[in-house]
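Subject: Structure handover

Hello,

Here is the structure for your files. Please keep it open beside this message while you read.

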Amino acid sequence: MKQLLAVCAGVLACAAPVLAQSDLERETQAARALSAQLVQQLGATLKAELGTNGPEGAIGVCKDTAPTIAGNLSRQSGARVARVSLRTRNAMLGTPDAWEQTVLADFDRRVEAGEKPEAMEHAEFVDEPAGRYFRYLKAIPVQPMCLACHGATDTIPEGVKRKLAADYPNDRATGYAPGQIRGAVTVKKPSN
Ligand code: HEC
């Protein structure tokens with residue numbers, strides 16, 4: 001027995017099963033990377049567009065660029081990557097399913113309890129009627145640059161308000177303040 005332990009200690013492979021990443025960790029890391037790509041690409045484009053064309057000119061970034069980036073990431077990864085929110089501007093694209101609603105509501109509760117939204121995420125395997133899925137949600141915090149289009153209505157520039165009212169008669173995505181959660185990046189992938 002002593003000898004076996006000695007041999008084992010000298011061979012890294014013995015420790016491998018213990019050190020091996022769980023499926024959940026592996027999938028979570030991949031989803032985290034996808035979500036970071038979406039948020040970074042979108043944030044950079046939004047910042048640049050706000051700088052050159054102002055909020056009216058930047059509407060297209062949240063409207064067209066976001067779904068395009070999310071679509072590209074979905075195709076590249078084989079997972080569904082999208083943005084969801086409990087208070088949507090575009091209900092067609094952004095309405096959460098039951099699992100997403102539950103996790104988003106939990107995120108809001110955690111923020112109210114004082115937790116910072118920046119690193120907030122949730123991952124698990126879920127058995128659904130269509131099969132088993134890896135599911136991941138990463139909170140999208142409200143930043144000052146979001147307020148021109150998602151802040152209190154009396155602070156949104158008139159031109160932006162007009163455009164939003166014309167395109168989104170059922171807009172529920174105003175009235176946010178920095179530090180709150182605007183929604184989440186969702187990643188959903190068939191598992192086995
Ligand atoms: C220039 C205006 C503008 C700015 C600035 C802006 N958004 Fe948006 N946002 C929109 C529009 C327009 C939509 C609707 C997109 C669509 O048609 O799918 C939207 C939709 C969203 C959605 C999808 C869910 C929904 O409500 O339909 C999220 C999430 C979101 N925005 C987050 C943000 C965050 C976070 C920021 C700041 C980093 C931000 N937005 C800044 C205009 C803007």
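Below is what was found in it, beginning with the metal site and moving on to the helix contact and some single residues.

Please note that this is a predicted model.

Iron site

The iron atom of the ligand takes two donors from the protein, Cys 62 through SG and His 150 through NE2, at 2.1 to 2.2 Å. The two residues come from distant parts of the chain: Cys 62 belongs to helix H3 (residues 23-77) and His 150 to helix H6 (residues 147-150), with their positions 88 residues apart. The arrangement around the iron atom is octahedral because the six donor atoms subtend angles of 88 to 180°, and the class requires opposite donors to be over 155 degrees apart and all others to lie between 65 and 115. For reference, six octahedral donors would ideally give 90 or 180 degrees.

Is each of the two protein donors buried or exposed? His 150 has a relative accessibility of 8%, so it counts as buried, the limit being under 20%. Cys 62, at 30%, is partly exposed.

H3 against H7

Helix H3 also packs against helix H7 (residues 158-167): their axes come within 9 Å and cross at roughly 35°. On the H3 side the contact involves Pro 55, Glu 56, Ile 59 and Lys 63, and on the H7 side Gly 159, Val 160, Lys 163, Leu 164 and Asp 167. Sorted by class, these are four nonpolar, one polar and four charged residues.

Glu 56, in H3, is partly exposed with a relative accessible area of 37%. Beyond residues up to four places away in sequence, Glu 56 touches Gly 159, Val 160 and Lys 163. The C-alpha atom of Glu 56 is 9.6 Å from that of Arg 162, although the two residues are 106 apart along the chain.

Leu 42 and Pro 67

Two other residues of H3 are worth listing, Leu 42 and Pro 67. They are 25 residues apart in the chain, and their C-alpha atoms are separated by 9.9 Å. Leu 42 is buried, at 11% relative accessibility, while Pro 67 is partly exposed, at 33%.

Setting aside neighbours within four places in sequence, Leu 42 is in contact with Val 61, Thr 65, Ala 66, Ile 69 and Arg 83. On the same basis, Pro 67 is in contact with Leu 93 and with Cys 62, the latter being one of the iron donors. Arg 83 also comes up in relation to Pro 67: the pair is 16 residues apart in sequence, with a C-alpha to C-alpha distance of 8.2 Å.

The loop between E1 and H4

Ser 85 sits in the loop between strand E1 (80-84) and helix H4 (91-94), and Arg 87 is found in that loop too. Ser 85 is buried, with 7% relative accessibility, whereas Arg 87 is partly exposed at 29%. A polar atom of the Ser 85 side chain lies 3.0 Å from the backbone nitrogen of Arg 87.

What does the side chain of Arg 87 reach? One partner is the backbone oxygen of Arg 172, at 3.2 Å. Another is the backbone oxygen of Thr 174, which lies 2.4 Å from a polar atom of that side chain.

The wider contacts of the two loop residues, again without neighbours within four places in sequence, are as follows:

- Ser 85: Gly 94, Pro 96, Leu 104, Tyr 176, Arg 182 and Gly 183.
- Arg 87: Arg 172, Ala 173, Thr 174, Gly 175, Tyr 176 and Arg 182.

Tyr 176 and Arg 182 appear in both lists. Gly 183, a contact of Ser 85, has its C-alpha atom 7.9 Å from that of Arg 87, with 96 residues separating the two along the chain.

Regards

Notes. Residues are numbered from 1 along each chain as its sequence is written. This is a predicted model: local features need pLDDT of at least 70, side-chain atom pairs count only at pLDDT 80 or more; totals for chains, interfaces and linings use all residues. Side-chain values use heavy atoms; hydrogens and water are left out. Donors are N, O and S atoms within 2.8 Å of the metal (3.2 Å for Na, K and Ca); water is not among the atoms, so sites may look incomplete. Four donors count as tetrahedral if all angles lie between 85 and 135 degrees; four count as square planar and six as octahedral if opposite donors are over 155 degrees apart and all others between 65 and 115; anything else is irregular. Helices (H or I, at least four residues) and strands (E, at least two) are DSSP runs, numbered from the N terminus. Buried means under 20% relative accessible area, exposed over 50%, partly exposed in between (1.4 Å probe, protein chains only). A polar contact is a pair of N or O atoms within 3.5 Å; within protein, one must be able to donate a hydrogen and the other to accept it, and residues adjacent in sequence count only if both atoms are side-chain atoms. Contact means heavy atoms within 4.5 Å. Axes are lines fitted to C-alpha atoms, for helices over the stretch in contact, and angles run from 0 to 180 degrees between N-to-C directions. Ala, Val, Leu, Ile, Met, Phe, Trp, Tyr, Cys and Pro count as nonpolar, Asp, Glu, Lys and Arg as charged, and the others, Gly among them, as polar.
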